[in-house]
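Reader: I should be grateful for a close look at a single part of this model. Please take one strand and its surroundings, and then work outwards from there.

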Amino acid sequence: MHNARTRAASVLLAACLASTSASSQSAPCLAENDLSSSVVNSIFGNYSTPRVYAWQITAPSNMVVQSGRIYTHNAYQSSVGSFMELEIWDEDPASPGQPGSRVAGGTWRMRNQVGWQGTNFDGPVALQANTPYWIALTEPGWSTPPVEPGGTQFPMMYQSGSSWVSMAPEALKFRLYCGLLDAAGVTTSGPGCPGSSGAVPAAFVNSSPSIPNSQLAIEGTGLGSGALVVHALGTIPSYPSVPIPGAPGCFLRTNLDVVAAATAGVGDIQSSTSPAGHARFPMPIPNNAALAGFVFTSQLAAFDLSLAAPLPIVTSNALQFSLF
């Protein structure tokens, strides 16, 4: 469907995947309505299933994006669910002016405070200059629309069954990044290796390792539904990338001081625990000034029994945290 476009962007994708690190607080490579904390004083409706909204955007130049954030929150998580999903869709060639096919995306657990939050995508997305794409948000209901009053507006639609329905244009507050999500005190190294579905597992956080931070959590998206997920935690800064025997293209990027396991979710984003392909590992930082300067690294791995490999696992990018 969009194979020709993907082939045309192969050079961009290769350059993106060759990048192995990102500095903290990287600037977005495409953003709009992101210079203020102004957001509409309203909420989306509530439905029996999650609702998908989409805004049409156009990149001014060729670029490859790997993650995104929007400006939102949800004060009703106990009633509607705790997760959101952000995706990039291409334009439908048969019906210009509406979304066509999902290209990549990711899921995260919403933060309680209104602000910038988002996810890594389960694969890099090559945006072609002056070509329409769609930023699609799946939300559980009653979320604050990521819209700036009086901002630059974009064509908007919502999904009803298999059809798209037009809405009035709205000023989406968004940031798309050419690297994986980072933050103050957080750097990334990667990428991960793709699973049998083609999705690339991705690890990220939506807050910084400040002292204290009871909300810090390492999240994974792009994992197999119901997969066994292993979280590796190490204390060697800038740990080298070590190929994993039996898992072609996968690398261990942290030493194994502490290992924990969980199961990736199987539900939708209205799930009270975890939606499909998502896992979360809380890492609360206590109020102890002596921890300042402590460094630890983190990486996720998951079993993918559909892989034709001696060791059927996939790995995410790694994260390095410097407490401050």
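Author: Within strand β7, A136 stands opposite E87. The model under discussion is a predicted one. The pairing of β4 with β7 is antiparallel and runs over six bridges. Strand β7 also pairs with β2, again in the antiparallel sense, over eight bridges. In that second pairing, R51 has E139 of β7 as its bridge partner.

How far is β7 enclosed by the rest of the structure? Seven of its eight residues are buried, so the strand is largely enclosed. T138, which is found in β7, may serve as an example. Its relative accessibility is 8%, and T138 therefore counts as buried, the limit being under 20%. Apart from neighbours within four places in sequence, T138 is in contact with P50, R51, V52, M84, E85 and I269. R51 thus appears both among the contacts of T138 and as the bridge partner of E139. R51 has a further role in the geometry here: its charged end sits over the ring of Y47, 3.8 Å from the ring centre.

The surroundings of β7 lead on to the nonpolar core. In soluble globular proteins, nonpolar side chains tend to be buried together. The largest nonpolar core in this model has 32 residues, of which W55, L127, F174 and L176 touch the most other members. Strand β7 (132-139) is among the elements that give two or more residues to this core, together with β2 (51-58), β3, β4 (83-91), β5 (99-109), β6, β8 (154-160) and β10 (174-177). Both pairing partners described above, β2 and β4, are therefore contributors, as is β7 itself.

F174 shows how several parts of the chain meet. Beyond its neighbours within four places in sequence, F174 is in contact with L30, A31, E32, D34, I57, R69, I70, W116, I135 and F154. A second core, separate from that one, comprises 27 residues and includes A247, F281, A302 and I313.

Some of the elements around the largest core also belong to an open sheet. Four strands make up this sheet, in the order β1-β10-β3-β6, with antiparallel pairing. Its edges are β1 (30-32) and β6 (115-127), each of which pairs on one side only. From one strand to the next, the twist averages 20°. Strand β3 (residues 63-72) is joined to β6 by nine bridges, and the two run antiparallel. One residue pair illustrates this: V65 has V125 of β6 as its bridge partner. A charge-over-ring arrangement is also present: R175 lies over the face of W116, at 4.0 Å from the ring centre.

The loop that follows β7 also deserves attention. W142 is placed in the loop between β7 and β8. Phi of W142 is near 65°, a positive value in a residue other than glycine. W142 has a relative accessible area of 29% and is partly exposed.

The structure holds seven aromatic pairs. One of them is formed by Y76 and W142: the geometry is edge-to-face, with 5.3 Å from centre to centre and 65° between the planes. Because Y76 lies in the loop between β3 and α3 (77-80) and W142 in the loop between β7 and β8, the pair ties together parts that are 66 residues apart in sequence. Y76, at 37% relative accessibility, likewise counts as partly exposed.

Another pair joins F296 and F321, whose ring centres are 4.6 Å apart and whose planes meet at 15°, so the pair is stacked. F296 belongs to strand β19 (residues 295-303) and F321 to strand β20 (residues 313-322), so this pair ties together parts that are 25 residues apart in sequence. F296 and F321 are both buried. Ring pairs link these two residues with F294 into a cluster.

Backbone details complete the account. S238 also has a positive phi in a residue other than glycine, near 50°. S238 is in the loop between β14 (228-234) and β15 (242-243), and it is exposed, with a relative accessible area of 60%. A cis peptide bond joins G190 to P191, with omega about 10°; P191 is found in the loop between β11 (186-189) and β12 (202-204). The bond from I211 to P212 is cis as well, with omega near -5°, and P212 has its place in the loop between β12 and β13 (217-221).

Notes
Residues are numbered from 1 along each chain as its sequence is written. This is a predicted model: local features need pLDDT of at least 70, side-chain atom pairs count only at pLDDT 80 or more; totals for chains, interfaces and linings use all residues. Side-chain values use heavy atoms; hydrogens and water are left out. Two strands pair if DSSP finds at least two bridges between them. Axes are lines fitted to C-alpha atoms, for helices over the stretch in contact, and angles run from 0 to 180 degrees between N-to-C directions. A nonpolar core is a set of buried Ala, Val, Leu, Ile, Met, Phe, Trp, Tyr and Cys residues joined through side-chain atoms within 4.5 Å. Buried means under 20% relative accessible area, exposed over 50%, partly exposed in between (1.4 Å probe, protein chains only). Contact means heavy atoms within 4.5 Å. Rings of Phe, Tyr and Trp (its six-membered ring) pair if their centres lie within 6.5 Å; planes under 30 degrees apart count as stacked, over 60 as edge-to-face and the rest as tilted. A charge sits over a ring if NZ of Lys or CZ of Arg is within 6 Å of the ring centre and within 35 degrees of the ring normal.
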